[in-house]
Amino acid sequence: MKKYIDKVNTLLESLPYIREFYGKTIVVKYGGHAMVDDALRKSFARDMVLLKLVGMNPVIVHGGGPQINDLLKQIGKKSDFVDGMRVTDRETMEVVEMVLVGKINKEIVNNINLTGGKAVGLSGKDGNLITAQKMYHVTKDSEKVDIGQVGTVKSINPAVLDTLDRDRFIPVIAPIGVDEEGTTYNINADLAAGKIAEALKAEKLMLLTDVEGVMLDEKLVSTLNVKKVQTHIEKGQITGGMIPKVNCCCDAVAGGVGKAHIIDGRVEHAVLLEIFTQAGIGTEIIGD
């Protein structure tokens, strides 16, 4: 009997968090190892269904870089990168859209639906969700370099997401946008998730990564405010691929998101651990 009582007590410990976040929107950028490990894919789907069933509103934005690389390699198409950004010509853009919208998005939706949820797959083209504009790479010498159909977010139209929320669906979004002329753009999933979180005034933005969080002096930092983030970047303490992630979080918080989190998607139930436990995991970024 004791083990059953322990289970009930564990459930009761989550009650304050369910009450706090009931009716709130949680935007999750889903990517990295959590997307390619079969056990983690299934547990992620269950976690999203649980959030919805206890009254929260998860919105998923996913990446798919490794899967895109695999298909490009299969068709003999070489990928070039400029400072981590994929140079995207028309043929590459077709592959990106095929993989993100036609394959990965549908797999995530199917996993959630098989777990008992109600998910709907979208790209930024659906319902004019993401209006994009062309992005240029700017060199250290301030020279603009054309990297093809790579975009940034010009605006978000949350109307379709509001409709899905009212009907209790979980949106699953591929970060593909389109401009006013109808040109399709590949958008960084972190960036898209951050802008969607801003538009929805989300309580939380959560970026799933393949690291523990923000590390300073080889130690995980649990909380950073926006000013401290910029100071650590200027001092060279936050470097490399973590810079755009923390900047995305800072922009989201400045844009009205309650908190932003960088968490380790390799940990099973990472999202639930962050939301339903006092200690949480990873690094949270808060306003000043």
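This tour moves through a predicted model one selection at a time, saying at each stop what to select and what is there.

**Helix α6**

Begin by selecting residues 90–114, which make up helix α6. How far apart should the ends of a helix with 25 residues be? At 1.5 Å a residue, α6 should span 36 Å, and because its end C-alpha atoms are 35 Å apart, the expected and the computed values agree. While α6 is still selected, look along it to I104, where the helix bends by about 30°. I104 is also one of the buried residues of α6, and T92, M93, V95, V96, V99 and L100 are among the others. Continuing past I104, you can add N105, I108, V109 and I112, which are buried as well. Then step just beyond the end of α6 to G116, which takes a positive phi of about 105°.

**Helices α8 and α10**

Next, select residues 189–199 for helix α8 together with residues 242–254 for helix α10, and turn the view until you can follow both axes, which come within 9 Å and cross at roughly 10°. Are these two helices parallel or perpendicular to each other? An angle under 35 degrees counts as roughly parallel, and α8 and α10 are therefore described as roughly parallel to each other. To see where they touch, show the side chains of D190, L191, G194 and E198 on α8, and those of K245, C248, D251 and A252 on α10. This group of contact residues divides into three nonpolar, one polar and four charged.

Stay with helix α10 and pick out P244, which lies in it. P244 is partly exposed, because its relative accessible area is 48%, a value that falls between the limits of 20% for buried and 50% for exposed. If you draw a distance from the C-alpha of P244 to that of D190, it comes to 8.5 Å, although the two residues are 54 residues apart in sequence.

**Strands β7 and β6**

Now select T152, which is found in strand β7, residues 144–156. With a relative accessibility of 19%, T152 counts as buried, since buried means under 20%. Leaving aside neighbours within four places in sequence, T152 is in contact with T131, A132, Q133, M135, I187 and L191. L191 has already appeared on this tour, as one of the α8 residues in the contact with α10.

From T152, follow the contact to T131, which lies in strand β6, residues 130–138. T131 counts as buried too, because its relative accessibility is 17%. Not counting residues up to four places away in sequence, T131 touches T152, V153, K154, S155, V178 and E180. A further distance to draw is the one from T131 to T184, for these residues are 53 apart in sequence and 9.6 Å apart in space, C-alpha to C-alpha.

**Two loops**

Most residues other than glycine have a negative phi, so the last two selections deserve a careful look at the backbone. Select N128, in the loop between β5 and β6, where phi is near 55°, a positive value in a residue other than glycine. N128 counts as exposed, because its relative accessibility is 52%.

Finish at D217, in the loop between β12 and β13. D217 has a positive phi of about 55° although it is not a glycine, and at 69% relative accessibility this residue counts as exposed.

Technical notes. Residues are numbered from 1 along each chain as its sequence is written. This is a predicted model: local features need pLDDT of at least 70, side-chain atom pairs count only at pLDDT 80 or more; totals for chains, interfaces and linings use all residues. Side-chain values use heavy atoms; hydrogens and water are left out. Helices (H or I, at least four residues) and strands (E, at least two) are DSSP runs, numbered from the N terminus. The expected span of a helix is 1.5 Å times one less than its number of residues. The bend at a residue is the angle between axes fitted to the seven residues ending there and the seven starting there. Buried means under 20% relative accessible area, exposed over 50%, partly exposed in between (1.4 Å probe, protein chains only). Axes are lines fitted to C-alpha atoms, for helices over the stretch in contact, and angles run from 0 to 180 degrees between N-to-C directions. Angles under 35 degrees count as roughly parallel, over 145 as roughly antiparallel, 65 to 115 as roughly perpendicular and the rest as oblique. Contact means heavy atoms within 4.5 Å. Ala, Val, Leu, Ile, Met, Phe, Trp, Tyr, Cys and Pro count as nonpolar, Asp, Glu, Lys and Arg as charged, and the others, Gly among them, as polar.
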